[in-house]
Each structure stands twice: as structure tokens, then as C-alpha cells.
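Q: Please take a close look at one part of this structure. Start with a single side chain, then move on to its surroundings.

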Amino acid sequence: MPRILIVEDEDIIRSAVRKLLLHAGYTVEDVSSVEDAEQHHDPDAFDLIISDLRLPGVPGTELIHRAPNTPVLIMTSYASLRSAVDSMKMGAVEYIAKPFDHDEMLAAVEGILSRTMDPAPKQGTTGTDTREDGDPATIMYGECEPMQRVFTLIRKVAPTETTVLIQGESGTGKELVARALHLSSPRAPYPLISVNCAAIPESLIESELFGHEKGAFTGAVSARTGLIEAAEGGSLFLDEIGELPAEAQARLLRVLQESEIRKVGSTQSRKVNVRMIAATHRNLKAMTRTGEFREDLYYRLNVMQIRIPPLRERQGDILGLARRFLVTLGKKVGKPELSLSPGAMQALQRYRWPGNVRELENAIERASILCDGTVITPSLLDLDSEGDDELIPETLVEGNHEQQPPRTTDNTSDLSLEDYFQHFVLENQDRMSETELAQKLGISRKSLWERRQRLGIPRKKTSGS
């Protein structure tokens with residue numbers, strides 16, 4: 001089993017990463033500084049080191065030199081993202097930006113280990129067939145027909161230079177698709193730089209992506225390399241591309257058209273060799289009609305589209321995924337004999353999974369912890385109460401009952417309810433506040449926001465508070 005060393009001085013983050021990796025089956029040790037790592041362990045004896053960039057004493061990048069035979073994954077906040085790019089130049093195999101979700105961290109760890117480990121004793125980071133390791137079937141689970149089509153698309157488009165737009169709801173695994181595209185391509189030996197466009201402050205995004213010259217703005221005390229340039233030879237994954245501000249969209253269009261960038265504050269451009277992969281849960285086509293997203297950029301990005309189906313469209317995979325999670329999580333909580341009752345299996349297949357695969361994993365983990373015997377029952381999954389909030393009530397809007405489709409239990413009615421929700425919000429958001437919309441729909445403001453996110457309905461921008 002791969003051994004991983006976590007070096008992080010914040011107790012909460014260190015504990016969270018430790019639990020995540022233990023649940024995934026790795027052997028994990030953790031310390032709070034580089035000095036502690038050397039005092040209590042031999043850092044070069046691990047298969048992977050995950051280190052924060054800024055630590056008490058020497059920085060995490062020092063481990064690159066002190067453990068030359070072990071790959072180092074650097075964790076950093078977006079405030080210090082430029083330093084993360086510098087750390088990759090120093091020899092870090094990859095960086096991951098805080099805050100990161102569980103899938104992103106696990107995908108990064110799996111990708112690094114797949115490239116650096118083989119059945120023989122550890123020899124370093126060369127000589128691995130990354131193309132085979134990057135096959136989507138080894139990175140994601142999917143036996144149903146929709147996922148098999150996704151795998152086929154990935155295998156066909158990965159070896160090309162084509163720009164790819166990945167579309168799918170939150171929790172469907174868009175970042176895993178990007179990783180499979182990169183690892184299955186000739187660019188696999190080079191960096192995969194992942195950027196969550198929604199997590200970078202709007203005032204910093206151009207500088208982070210394109211770099212800046214010394215003195216370009218207040219605080220720019222030295223020139224910095226941007227993330228696009230840092231991905232030279234490899235792939236740039238822009239998650240939540242729909243959140244890019246207008247000026248950054250214009251600059252990104254030039255990268256796609258001319259394969260060149262110009263740093264903030266510079267008058268000269270330079271060529272870059274980067275494969276672009278973008279992802280979004282929003283409806284970019286609809287956003288072009290409202291002016292929120294450039295139409296020319298949309299068509300440049302949408303050369304090849306890969307749609308990740310939500311879990312509710314993967315009926316054939318639900319139980320398979322649940323059993324995989326049950327095996328992994330059951331071992332971690334000391335209950336390796338856990339199984340699902342027939343009623344629990346029916347409940348899993350009936351539920352609509354608004355949070356997709358991530359929500360399924362959370363449900364199995366919760367049930368595994370609460371289960372006193374060896375059989376998980378529907379009550380332990382606790383799905384009904386969560387599912388009710390996702391369906392619009394019978395009394396949607398006063399005076400509009402005749403517009404609501406009949407309430408049944410099949411998927412067709414669920415889709416028509418979503419259509420009704422989308423129609424009502426788009427028709428009324430100009431004259432109603434978010435609170436009024438939520439009250440009329442009979443749901444909370446939080447549920448309204450979550451539905452907007454899942455269905456890709458942009459919130460109308462207002463000029464006031």
C-alpha cells in the first residue's frame with residue numbers, strides 16, 4: 001500500500017487530508033513542519049509527500065531537495081499561487097490549490113502515484129507508461145452505457161490537440177475526466193495545471209493566468225510567470241470557466257486563437273504550447289445570449305464537448321458505486337462485512353442524487369458509521385428527507401397551479417418539474433428578489449441557489465444592493 005507523508009502546520013487541514021487518504025486505503029503519516037518530518041521519519045522512504053507551501057521554519061519546497069527520490073505535491077492558497085508555479089519549476093510534480101474538494105485531492109494523488117510507481121521497487125519518476133495509466137476506466141467507475149460513451153470519447157479525443165469542454169453537474173467527476181484526457185495524451189509527461197476560476201478573486205485572475213511584469217500594479221514587486229505559461233507542453237484545466245470575467249475571457253480567446261500570451265503590464269507577447277480543457281456546470285450557450293459569456297470564446301472552447309451524465313441518469317452504476325464505497329468505507333470503520341438490504345438498494349435506485357457521486361459516497365459513509373449490525377437499511381441512508389427538498393412542492397405559485405405538471409414518481413415528471421422551475425425563475429427574476437422567488441417556489445434561499453447552480457441558471461445581475 002502506498003505510503004504518504006503529509007506536512008501541514010494547520011491542524012484542521014492536516015487532519016482532514018489524513019482522514020481522506022486513510023479512507024482511500026493509503027498508509028499515512030503526518031507532521032507539522034519539514035524539521036519534524038526529518039526528525040521523526042525518512043521523507044525519502046515515502047511514495048508521496050503532500051506539503052503545504054508555507055510552513056514554520058523552511059518552506060515545503062525544501063522537501064523537493066531533501067527527498068529527491070520522492071514526488072512532492074504542493075498545497076497552496078490562491079493568494080500564493082504564483083509561488084506554487086515557482087515550486088513546480090523547482091521540481092514539485094504538481095500543486096493543488098486550497099480550498100480543494102475531496103475528489104480533486106484523490107485524483108491528484110492517484111495520478112501522481114500511477115505515474116511514479118510500478119510493480120518493481122521504486123526507481124523514481126521515469127519509465128512509466130502514463131498512457132495506459134490514464135485510461136478513463138482506471139480513473140473513474142462506469143459500467144452503464146452513458147459512461148461507456150464518455151470513456152470512448154475520452155479515448156478518441158485525448159491523443160489529439162483538440163480543445164475540450166466538459167459539462168456536468170457538481171459532483172459528477174469533471175476533474176477526473178480532465179485528468180484522464182491529460183494522462184492519455186502525448187502531453188502526459190508535462191504538467192497538468194488545474195485552475196478553479198470561481199475561487200480566484202476577480203482582481204487577481206488575469207495576473208494568475210497570464211502572469212505580470214514588475215510594477216504592473218501595486219504589490220507587483222517582481223515579474224511572475226502565469227499559470228498558462230507554467231503549463232507549457234502540458235494541459236491547462238480551467239474548471240468553472242463560466243465564472244471568468246469579461247477581460248479575462250478576451251485574453252483567453254487570444255490564447256486559443258494565436259497560441260500566445262501577454263503578461264499584465266507587458267507590451268510583448270510570447271508563444272505558448274498548451275492544450276486547453278475547460279469545464280462548467282452552467283449553460284454557456286444561454287450565457288452567450290445574456291452577454292455574460294463571449295460567443296466567440298464559447299465556440300472556440302466547444303470544439304469537442306464531453307457531457308458527464310448525472311448519477312440519476314446512471315441507474316446501472318448506482319449499486320456498483322455503492323458497493324465499491326461500502327467495501328472501502330466499511331474497512332475504514334472496522335466493519336468489513338457490511339452489506340445493503342434489498343430495501344436499501346431500492347432506496348438508492350429511487351433517489352435522484354442531486355449531489356451526484358459525491359453525495360452517494362457521503363450517504364454510504366454515514367450509514368456505515370451508524371450501522372450497528374452488518375446490514376444497512378433504508379433508514380440508515382436517510383435519503384427521503386434530503387430528496388424532498390429537491391422537488392418543488394405541489395403548491396408552487398399562487399394562481400399558477402394549472403401550469404404545473406402532474407406529480408408522479410417517474411423520471412419524466414422530475415425533468416418537467418425542473419423545466420417548470422427554470423421557466424418560472426427566468427420569467428420572474430427581473431421583478432422578484434431571491435427571497436421572493438424562494439417563497440413563491442416554497443423552498444429556501446439555499447435550495448434556490450443550489451438549483452440555480454445545478455441547472456446552470458445565472459442569477460440576474462443588479463445595479464444595487
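A: A polar atom of the Thr172 side chain lies 2.6 Å from the backbone oxygen of Glu169. That is within the limit for a polar contact (N or O atoms within 3.5 Å, one able to donate a hydrogen and the other to accept it; residues adjacent in sequence count only if both atoms are side-chain atoms). The model is predicted: local features need pLDDT of at least 70, side-chain atom pairs need 80 or more, and totals for linings use all residues. Numbering runs from 1 along each chain as its sequence is written, and side-chain values use heavy atoms, without hydrogens or water.

Thr172 sits in the loop between strand S6 (164-167) and helix H9 (174-183). Helices (H or I, at least four residues) and strands (E, at least two) are DSSP runs, numbered from the N terminus. Thr172 counts as buried because its relative accessible area is 6%, and the cut-off is under 20% (1.4 Å probe, protein chains only). Leaving out residues up to four places away in sequence, Thr172 touches Ile308, Pro309, Pro310 and Asn356. Contact means heavy atoms within 4.5 Å.

H9 also helps line the largest cavity. A cavity is a set of points on a 1 Å grid over the protein atoms alone where a 1.4 Å probe fits but cannot get out; lining residues have an atom within 4 Å of a point. The cavity holds about 110 Å³, the space filled by probe spheres set on the joined points. It has 13 lining residues, with Glu94, Glu104, Ala108, Arg179 and Ser194 nearest its centre. Strand S5 (94-98), H5, H9 and strand S7 (192-196) each give at least two of them.

Definitions and conventions: On a 1 Å grid over the protein atoms alone, a cavity is a set of points where a 1.4 Å probe fits but cannot get out, and a pocket is an open set with protein on both sides within 12 Å along at least five of seven lines; lining residues have an atom within 4 Å of a point. Buried means under 20% relative accessible area, exposed over 50%, partly exposed in between (1.4 Å probe, protein chains only).
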